[in-house]
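Subject: Structure handover

Hello,

Here is the structure I promised to pass on. Please open it alongside this message.

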Amino acid sequence: MQQLKTTRHLRTLFISDVHLGSKAAQAELLIEFLRLHDAEKIYLVGDIVDGWRLKRSWHWPQSHNDVVQKLLRKARKGTEIVYIPGNHDEFLRGFPGQHFGGIEVKQNDVHVTADGRRFLVMHGDEFDVVVRNARLIAYLGDWAYDTAIAVNVVFNKIRRVLGFPYWSLSSWAKLKVKNAVNFIGTFETALAEEAARHGCDGVICGHIHHAQIARRAGIEYVNTGDWVESCTAIAERHDGSLELIHWTTLPQEARAPEAGIAEDAVGTAAVEAA
């Protein structure tokens, strides 16, 4: 297995649902990921800053500021960064075309891969009926999700003591609860249809915290996941192929900066490729 001794270089990175300002944000892991991955272009696909939670109570530790500074530093060094706001950072939707520290705000975008495929890039909340038509229910659902995360933190501390790996309560619920499964399926189909209406080969989105690379209605459906639980990102290699990186499932020695990145581990063991 070839070991990379330096940062891994990619054509494009897609990251969403970091929720800076939330106690659940895995800012330290994201900083680690950004330190070990460079790209010509980075898409921030919404809910990077959690304005909803910041309105309820202010929470902004140094690690959250470090994420912002890391991204700004990459922009200064020449990385093109596009910020597509989501529903939690919707306050930025009033600034399309504006640049903040070298980061451009767009409502959505069409990304062309190295092999010529066109992907509609959007957060996806526009196709969430609850967010659009019942904001109170959305807020209550957000509170319930926070509660589930808090329970999950305690639960996984016990699992670690007993020698068991990390397990996500909310991810399990999404895959087991019938209504959640139906919602995910409907969301994926709606996003795929929107990409087709734009004449695109695929869609890259976030919002539902369910990372995936799949085909829906003949369209490539790509979801970036989140940096609250799963800590996932979509990467475009220089040949145009896409991969889904599960950062927390990589062995610690593969993630440690001093060890470099095991290319096979990143490219195969912890990745779904398309």
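My notes on the fold, the core, the salt bridges and the surface follow.

**Confidence**

Please keep in mind that this is a predicted model. The protein chain averages a pLDDT of 81, and 72% of the residues score at least 70. Two stretches need care. Residues 130-138 have a pLDDT below 50, with 14 contacts in the model beyond near neighbours in sequence. Residues 256-274 are also below 50, and that stretch has 57 such contacts.

**Overall build**

The protein chain has nine helices and 15 strands. Of its 274 residues, 52% count as buried. The accessible surface comes to about 12700 Å², and carbon and sulfur atoms account for 58% of it. Take the contacts in the chain with a separation of 6 or more: 68% of them join residues 24 or more positions apart.

**The cores**

In soluble globular proteins, nonpolar side chains tend to be buried together. Here the largest nonpolar core has 32 residues. Ile15, Leu30, Phe33, Trp227 and Trp247 have the most contacts inside it. Several elements each supply at least two residues: β2 (8-15), α1 (27-36), β3 (37-44), α3 (62-76), β4 (80-83) and β12 (232-236). The largest share, seven residues, comes from α1.

Helix α1 deserves a look of its own. Eight of its ten residues are buried, so α1 is largely enclosed by the rest of the structure. Those eight are Ala27, Leu29, Leu30, Ile31, Glu32, Phe33, Leu34 and Leu36.

Ile15 is a good place to centre the view. Leaving out residues up to four places away in sequence, Ile15 touches Leu30, Phe33 and Leu34. Its other partners are Tyr43, Leu44, Val45, Ile48, Thr224, Trp227 and Ala233.

Apart from this core lies another, of 14 residues. Val82, Phe119, Leu242 and Leu244 are among them.

**Salt bridges**

Side chains of opposite charge can pair when their charged atoms come close. The count here is 14 salt bridges. Three are worth finding.

- Arg8 and Glu243 meet through their side chains at 2.7 Å, N to O. Arg8 lies in strand β2 and Glu243 in strand β13 (residues 242-246), so the pair ties together parts that are 235 residues apart in sequence. Arg8 and Glu243 are both buried.
- Arg93 pairs with Glu126, with the closest N and O atoms 3.9 Å apart. Arg93 sits in the loop between β4 and β5 (99-100), and Glu126 in the loop between β8 (118-121) and α4 (129-133), so this bridge ties together parts 33 residues apart in sequence. Arg93 counts as partly exposed at 22% relative accessibility. Glu126 is partly exposed too, at 25%.
- Lys106 pairs with Asp109, the closest N and O atoms being 3.5 Å apart. Lys106 counts as partly exposed, at 22% relative accessibility. Asp109 is at 12%, so it counts as buried; the cut-off is under 20%. Lys106 and Asp109 also belong to a network of salt bridges with Lys41 and Glu80.

**A surface patch**

Which residues form a nonpolar patch on the surface? They are Ile158, Val161, Leu162 and Phe164, with about 450 Å² of accessible area together. Leu162 is in the loop between α5 (135-161) and α6 (169-176). At 58% relative accessibility, Leu162 counts as exposed.

Best wishes

Technical notes:
Residues are numbered from 1 along each chain as its sequence is written. This is a predicted model: local features need pLDDT of at least 70, side-chain atom pairs count only at pLDDT 80 or more; totals for chains, interfaces and linings use all residues. Side-chain values use heavy atoms; hydrogens and water are left out. Patches are made of residues with over 30% relative accessible area and no salt bridge: like charges are joined within 9 Å, nonpolar side chains (Val, Leu, Ile, Met, Phe, Trp, Tyr) within 5 Å. Accessible areas come from the Shrake-Rupley method with a 1.4 Å probe; for residues, only the protein chains shown count as cover. A salt bridge is a side-chain nitrogen of Lys or Arg within 4 Å of a carboxyl oxygen of Asp or Glu. Helices (H or I, at least four residues) and strands (E, at least two) are DSSP runs, numbered from the N terminus. Buried means under 20% relative accessible area, exposed over 50%, partly exposed in between (1.4 Å probe, protein chains only). A nonpolar core is a set of buried Ala, Val, Leu, Ile, Met, Phe, Trp, Tyr and Cys residues joined through side-chain atoms within 4.5 Å. Contact means heavy atoms within 4.5 Å. pLDDT is the predictor's confidence in each residue, from 0 to 100.
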